[in-house]
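User: Could you take me through this structure? I would like to begin with how contacts are counted.

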Amino acid sequence: MRLVGGADYNDPMTFMQCYTTGDGNNPAFFSDAEYDELVNACKTEQDMTVRGENFAKAEKILTVDKCGISPVTYTYSNTLVSKTLKNVYINGAGGPSIEFRDAYVEE
């Protein structure tokens with residue numbers, strides 16, 4: 001099973017939701033009640049520390065304890081931007097990777 005693509009938005013939920021029981025985007029057909037409970041709790045959790053802890057526990061269940069998925073590769077890119085170029089938006093969460101719409105050169 002190979003999942004290729006990037007995040008729809010900059011939050012762990014963009015991928016963690018996919019592996020909940022019955023989700024239509026669950027390519028591994030992974031199912032675990034504790035994982036589901038942790039991920040679903042993150043949907044409404046206001047405390048970012050608690051939310052992060054819940055995501056970490058869920059990730060451990062998914063990738064270590066139950067091995068629902070096993071990431072084998074990661075991609076990255078380096079972007080070099082001049083100090084004089086301002087308002088360049090570098091997006092790591094899907095969409096255009098670099099946006100110059102509001103960019104300008106400061107002399």
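Analyst: Contact here means heavy atoms within 4.5 Å. The model is a predicted one. With that cut-off, and leaving out residues up to four places away in sequence, Thr20 touches Asn26, Phe30, Tyr35, Asp36 and Val39.

User: Where is Thr20 found?

Analyst: Thr20 sits in the loop between H1 and H2.

User: Is Thr20 buried or exposed?

Analyst: Thr20 has a relative accessible area of 6%. Buried means under 20%, so Thr20 is buried.

User: What does the side chain of Thr20 have as a polar partner?

Analyst: A polar atom of the Thr20 side chain lies 2.8 Å from the backbone oxygen of Gln17. The backbone oxygen of Thr20 is also reached, at 3.2 Å, by the side chain of Asn26.

User: Tell me about Asn26, then. Which residues is it in contact with?

Analyst: Apart from neighbours within four places in sequence, Asn26 is in contact with Cys18, Tyr19 and Thr20. Asn26 is found in the loop between H1 and H2, and it counts as buried at 6% relative accessibility.

User: Let us step back. How many helices and strands are there in the protein chain?

Analyst: The protein chain has 3 helices and 4 strands. Along the sequence they follow the pattern α-α-α-β-β-β-β.

User: And what share of the residues counts as buried?

Analyst: Of the 107 residues in the protein chain, 24% count as buried. The accessible surface of the chain is about 8100 Å², and carbon and sulfur atoms account for 52% of it.

User: What about contacts between residues 24 or more positions apart?

Analyst: Such pairs account for 31% of the contacts in the protein chain with a separation of 6 or more.

User: Which residues have the most contacts inside the largest nonpolar core?

Analyst: They are Met16, Tyr19, Phe30, Tyr35, Val39 and Ala58, in a core of 13 residues. The elements giving two or more residues to this core are helix H1 (13-16), helix H2 (33-42) and helix H3 (48-65).

User: What does Val39 touch?

Analyst: Not counting residues up to four places away in sequence, Val39 touches Met13, Met16, Gln17, Thr20 and Ala58. Thr20, the loop residue discussed above, in turn has Val39 among its own contacts.

User: Moving to charges: how many salt bridges does the structure hold?

Analyst: The structure holds 6 salt bridges. One of them joins the side chains of Arg51 and Asp11, at 2.8 Å from N to O.

User: Why does that pair tie together parts that are apart in sequence?

Analyst: Arg51 lies in helix H3 and Asp11 in the segment before H1, so the pair ties together parts that are 40 residues apart in sequence.

User: Are Arg51 and Asp11 buried or exposed?

Analyst: Arg51 counts as buried at 12% relative accessibility, whereas Asp11 counts as partly exposed at 21%. The cut-off explains the assignment, because buried means under 20% relative accessible area.

User: And Lys60, with what does its side chain meet in a salt bridge?

Analyst: The side chain of Lys60 meets that of Asp65 in a salt bridge of 2.8 Å, N to O. Lys60 is partly exposed, with a relative accessible area of 45%; Asp65 is also partly exposed, at 44%.

User: Which residues do salt bridges with shared partners join into one network?

Analyst: I shall start with one pair: the side chains of Arg101 and Asp102 meet in a salt bridge at 3.7 Å, N to O. Salt bridges that share partners join Glu99, Arg101 and Asp102 into one network. Arg101 counts as exposed at 67% relative accessibility, and Asp102 as partly exposed at 45%.

User: Now the surface. Which residues make the nonpolar patch?

Analyst: Val81, Ile90, Ile98 and Phe100 make a nonpolar surface patch of about 330 Å². Of these, Ile90 lies in strand S2 (residues 89-90) and counts as partly exposed at 46% relative accessibility.

User: Last one: where is Lys83 found?

Analyst: Lys83 is in the loop between H3 and strand S1 (85-86). It is exposed, with a relative accessible area of 76%. The C-alpha atoms of Lys83 and Val105 are separated by 8.9 Å, the two residues being 22 residues apart along the chain.

Notes. Residues numbered from 1 in each chain as written. Predicted model: local features only at pLDDT ≥ 70, side-chain atom pairs only at ≥ 80, totals over all residues. Heavy atoms only, no water. Patch = residues over 30% accessible without salt bridge, like charges linked within 9 Å, V, L, I, M, F, W, Y side chains within 5 Å. Areas by Shrake-Rupley, 256 points an atom, 1.4 Å probe, with all protein chains shown as cover. Salt bridge = Lys/Arg side-chain N within 4 Å of Asp/Glu carboxyl O. Buried < 20%, exposed > 50% of the residue type's maximum accessible area, 1.4 Å probe, protein only. Core = buried A, V, L, I, M, F, W, Y, C linked by side-chain atoms within 4.5 Å. Polar contact = N/O pair within 3.5 Å; in protein donor to acceptor, adjacent residues only side chain to side chain.
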